[in-house]
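The exercises below concern backbone geometry and enclosed space, and each is followed by a worked solution. Please look over the sequence and the model before starting.

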Amino acid sequence: MKTIVKKADEESINEACRLIKNGDIVAVPTETVYGIAANAFDGEAIKKIFTAKGRPQDNPLIVHISDMDMLKDVVKSVPNDAYTLAEAFWPGPLTMIMPKGDKVAKETCAGLDSVGVRMPSNPVAHEIIARSGLPFAAPSANISGRPSPTNAADVFFDMDGRLPLIIDGGECFAGVESTVVSLLGENPIILRPGYITKEDMQSVLNKEVLLSAAITEGVKEGDKVLSPGMKYKHYAPNAQVYIVDGDFDAFKAYVCAKKDSGVFCLCFDGEEKDLPVECVTYGKKERADEQAHNLFTALRRLDEKKAAVVYARCPEKTGIGLAVYNRLIRAAAFRVIKV
């Protein structure tokens, strides 16, 4: 299969709509990361996503809609909290898990009776959904387990020959996937942190929002997962990544003791000049939003530099920083060194 990259414009958006209507898959930009889109109601089309990514079949996908009217075909019922959160954060990087509607293909939800739904704010993704009249299911547009792509070039690197069309809509704004919150119980539970934080949601719901232990600890063997990004190794470069949790002086001392060929650091802006090995930076220490925006690109750059072992500076574990830590700890296969 020949993969074509086209700038986002009237012609390419119309072509994407045609392909999705005909049961094919397309890589599209969103405000979080690039995704592989297919008609959420078409099980055969959804299977093409799993094949292109090499994705395990029990890892559910998120359904993307362009307006609230689409919800009636995607979910069976809408909790009151969903209306409140939608009014505050949609369109935007928030996925809500609700009871699955009958029209959504079982392949989309990995056989679960729940479905994650979000309304993207990226104008290209939004227009493709609205113009096609179909909600699309879309995981990140990368080989399963690799860092998610935030630009069309990184999508092409992973997906060349695996899908017919990549829509180039420029660099993604958020840089990490959407926050996923389950609304199936009495209290909302964040299953995957993202740009919309626990504090953001609590401020509009006026109730406690819980955090799943799986965010930092992973899930237990055999557990079913309601959200992508929970169960399997994700976001990983080819190198062995270790998070080194401690202040900068302790981090530097640890890296000095481990200095060797192929050893790199993933550090905050400005720290590279004081470290004894080659470094890739991923944002200012105090700017979690910058870290989120840059993390996946930084992990891919480490591959380009042929890093064998990477020692990573640990982000804050609150607010958007929790989303960064969640992605990084999975890239590191939960290897954390306290110093």
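**Exercise 1: the cavity lining**

The lining of the largest cavity is made up of nine nonpolar, 12 polar and six charged residues, where Ala, Val, Leu, Ile, Met, Phe, Trp, Tyr, Cys and Pro count as nonpolar, Asp, Glu, Lys and Arg as charged, and the others, Gly among them, as polar. This is a predicted model, in which local features need pLDDT of at least 70 and side-chain atom pairs pLDDT 80 or more, while totals for chains, interfaces and linings use all residues. Residues are numbered from 1 along each chain as its sequence is written, and side-chain values use heavy atoms, with hydrogens and water left out.

Task: state which residues lie nearest the centre of the largest cavity.

Solution: begin with the lining, which has 27 residues; then pick out those nearest the centre, namely Ala138, Pro139, Ser140, Glu177 and Arg192.

**Exercise 2: an unusual peptide bond**

Task: find which residues are joined by a cis peptide bond, and say where proline 91 is placed.

Solution: first, recall that most peptide bonds are trans. The cis bond joins tryptophan 90 and proline 91, with omega about -10 degrees. Next, place proline 91 in the loop between helix H4 (80-89) and strand S5 (94-99), helices (H or I, at least four residues) and strands (E, at least two) being DSSP runs numbered from the N terminus.

**Exercise 3: positive phi**

Task: determine what phi phenylalanine 334 has, and where this residue is found.

Solution: phi of phenylalanine 334 is near 65 degrees, a positive value in a residue other than glycine. Phenylalanine 334 belongs to the loop between helix H11 (320-331) and strand S16 (336-338).

Terms used: 1 Å grid on protein atoms, 1.4 Å probe; cavity = no way out; pocket = protein on both sides within 12 Å on 5 of 7 lines; lining within 4 Å.
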